[in-house]
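Here's a quick tour to go with the structure on your screen. Keep the viewer open and click along as you read.

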Amino acid sequence: MHREAGLRDGAWQGFGGLLTICLTRLTVIRDEVGEEHSDAAFNQAVERLRGAFGAGCEIALQNEDTLVVWARSLSLQQFILMSDSLRRLLEHPLETAAGPISLQPAIGTFIADVDLHDPREAVRRARLALSAAKLNASQVAFYEPSLDHSGRLRMELEADLRRALAERQVRMVYQPQINERGQLVGVEALIRWRHPTRGDIPPSLFVPMAESSGLGETLGEFALDTAMKDAKRWTDITVAVNVSPVQLRSDTFLSVVDRLLKTHSVPASRFELEITEGILLERHPTVLANLEGLRRRGFLIALDDFGTGYSGLSYLNHFEVDKIKVDQSFVRNLGERDEASAIIRAIVGLSDALGMHVLAEGVESGRQLTMLRNEGCKLAQGYYVGKPAPAATIDSLASGDFRNAA
């Protein structure tokens, strides 16, 4: 950077930008199809970048899945336009001998100006932007000064979360699930964290933070451990627990599950493990082996947030799934958009044909519940059905006749 940018008197002359690009699936692909095919995909990605920037860039490998691109003489507006285009360019499947491969990039960008004197600081800011991009739905982020504060806050929260898990300060609540007669048939286990000074930290913040900081398996084990302990209180309902990709990619996951089942003396058939569509499409050997092992033990498998990630549904013919959970975005549009009912009807029809149950998430009104039942969706969950509650509250619901949304 010193050489190519032409430093004069310790400061950069002119304008340019530094991009950090994480090819998030590269290591998974290397494990799944081998180094030769992952290298071929990587080299194609680099060539696409060279084609996008032309001769005015330098590309370096920062670690096994992250590239750094230094591009000179581009304006801020050009970088803003290019970042999203680059993401789409790198997302487009790459052709290899093992078949098409998508690298699912995340891109962090720092725009350098003449006031910055240390190239190492530029790298730090670009990496900070990349960390923000990984938490952003668009997977693209630009450096801004607030990220320095956010970065410090994130480090503090990671340390606090590590302590909270060690001291069992996180807790579990359970959201009711009902059938078409309004009877309680299940609950979903949801993790909550109340920070001693910052108050309630939303799961949308601390769960991805746990996974990116190496705490994903610890958090997942806490969820399973607590859910199995609490499930002994209820004999006639299933308990749904989210299982993260981090857990499913772990070689030790099944041994952890076996230990917890033995500790709590509960049958696996009482539990429904919720996974996402994306983890199925990875076809990672360890993931597939773990899913098969879970089914052998008697666990039910549910597909969470169905319909939000992928348009191709052929994978449902290759994986045994017991339940599909319709994402709340479809439920929210019931009565507002004509196609919403048609989508629900199609999902119910598909599920019936494949022998799967269907549960609608995010039910917030009696009208939505009625429309869902009219379309054949028998199972429901949401604030109208019941808010997440401590295990003690579920005790009274499970022992009575739960019909507040019948």
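A helix here is a DSSP run of H or I at least four residues long, and helices are numbered from the N terminus. With that in hand: S351 is found in helix α14. Bear in mind that this is a predicted model. The protein has 16 helices and 16 strands, and of its 406 residues, 48% count as buried. Take the contacts between residues at least 6 apart in sequence: 68% of them join residues at least 24 apart.

**S351 in helix α14**

- Is S351 buried or exposed? S351 has a relative accessible area of 0%, so it counts as buried.
- The side chain of S351 reaches back to the backbone oxygen of I347, at 2.8 Å.
- Leaving out residues up to four places away in sequence, S351 touches I324, M356 and V358.

**The second largest pocket**

- This pocket has a volume of about 340 Å³.
- Its lining is made of 17 residues, and K323, M356, H357, V358 and L379 are the ones that lie nearest the centre.
- Which elements give two or more residues to that lining? They are α14 (338–354) and β15 (357–360).
- By type, the lining splits into seven nonpolar, four polar and six charged residues.
- Two names turn up twice here: M356 and V358 are touched by S351, and both are also among the residues nearest the pocket centre.

**E361, after β15**

- Look in the loop between β15 and α15 (366–374) to find E361.
- E361 sits at 11% relative accessibility, and since buried means under 20%, E361 counts as buried.
- The side chains of E361 and K325 are joined by a polar contact of 3.3 Å.
- What else does E361 contact, once neighbours within four places in sequence are set aside? The list runs to E188, D304, D305, K325, V326, D327, Q328, V331 and Q381.

**Helix α7 and its two sides**

- Helix α7 covers residues 203–212, and its buried residues are F206, M209 and A210.
- Those residues cover an arc of only 100 degrees around the axis, so they end up on the same side of α7.
- Go round to the other side of α7 and you'll find S204 and S212, which are exposed.
- Just after α7 comes G214, with a positive phi of about 85 degrees.

**Positive phi outside glycine**

- As background, most residues other than glycine have a negative phi.
- R168 goes the other way: it isn't a glycine, yet its phi is positive, near 55 degrees.
- You'll find R168 in the loop between α6 (146–166) and β8 (171–178).
- The relative accessible area of R168 is 44%, so R168 is partly exposed.
- S265 is not a glycine either, and it has a positive phi of about 50 degrees.
- The place to look for S265 is the loop between α10 (253–264) and β12 (271–276).
- How accessible is S265, and what does it count as? S265 has 62% relative accessibility, so it counts as exposed.

**R30 in helix α2**

- R30 belongs to helix α2 (residues 26–33).
- At 22% relative accessibility, R30 counts as partly exposed, because the buried class stops under 20%.
- Apart from residues up to four places away in sequence, R30 touches E35, S38, D39 and E64.
- From R30 to A41 is 11 residues in sequence, and 9.9 Å in space from C-alpha to C-alpha.

**P93, between α4 and β4**

- P93 is in the loop that runs from α4 (76–91) to β4 (94–96).
- P93 is partly exposed, its relative accessible area being 38%.
- Which residues does P93 contact, leaving aside neighbours within four places in sequence? They are R48, P100, I101 and S102.
- P93 and Q104 are 11 residues apart in sequence, with 9.2 Å between their C-alpha atoms.

How values were computed:
Residues are numbered from 1 along each chain as its sequence is written. This is a predicted model: local features need pLDDT of at least 70, side-chain atom pairs count only at pLDDT 80 or more; totals for chains, interfaces and linings use all residues. Side-chain values use heavy atoms; hydrogens and water are left out. On a 1 Å grid over the protein atoms alone, a cavity is a set of points where a 1.4 Å probe fits but cannot get out, and a pocket is an open set with protein on both sides within 12 Å along at least five of seven lines; lining residues have an atom within 4 Å of a point. Grid points are joined across faces, edges and corners, and a volume is the space filled by probe spheres set on the points. Ala, Val, Leu, Ile, Met, Phe, Trp, Tyr, Cys and Pro count as nonpolar, Asp, Glu, Lys and Arg as charged, and the others, Gly among them, as polar. Buried means under 20% relative accessible area, exposed over 50%, partly exposed in between (1.4 Å probe, protein chains only). Contact means heavy atoms within 4.5 Å. The arc is that of the directions from the helix axis to the C-beta atoms. A polar contact is a pair of N or O atoms within 3.5 Å; within protein, one must be able to donate a hydrogen and the other to accept it, and residues adjacent in sequence count only if both atoms are side-chain atoms.
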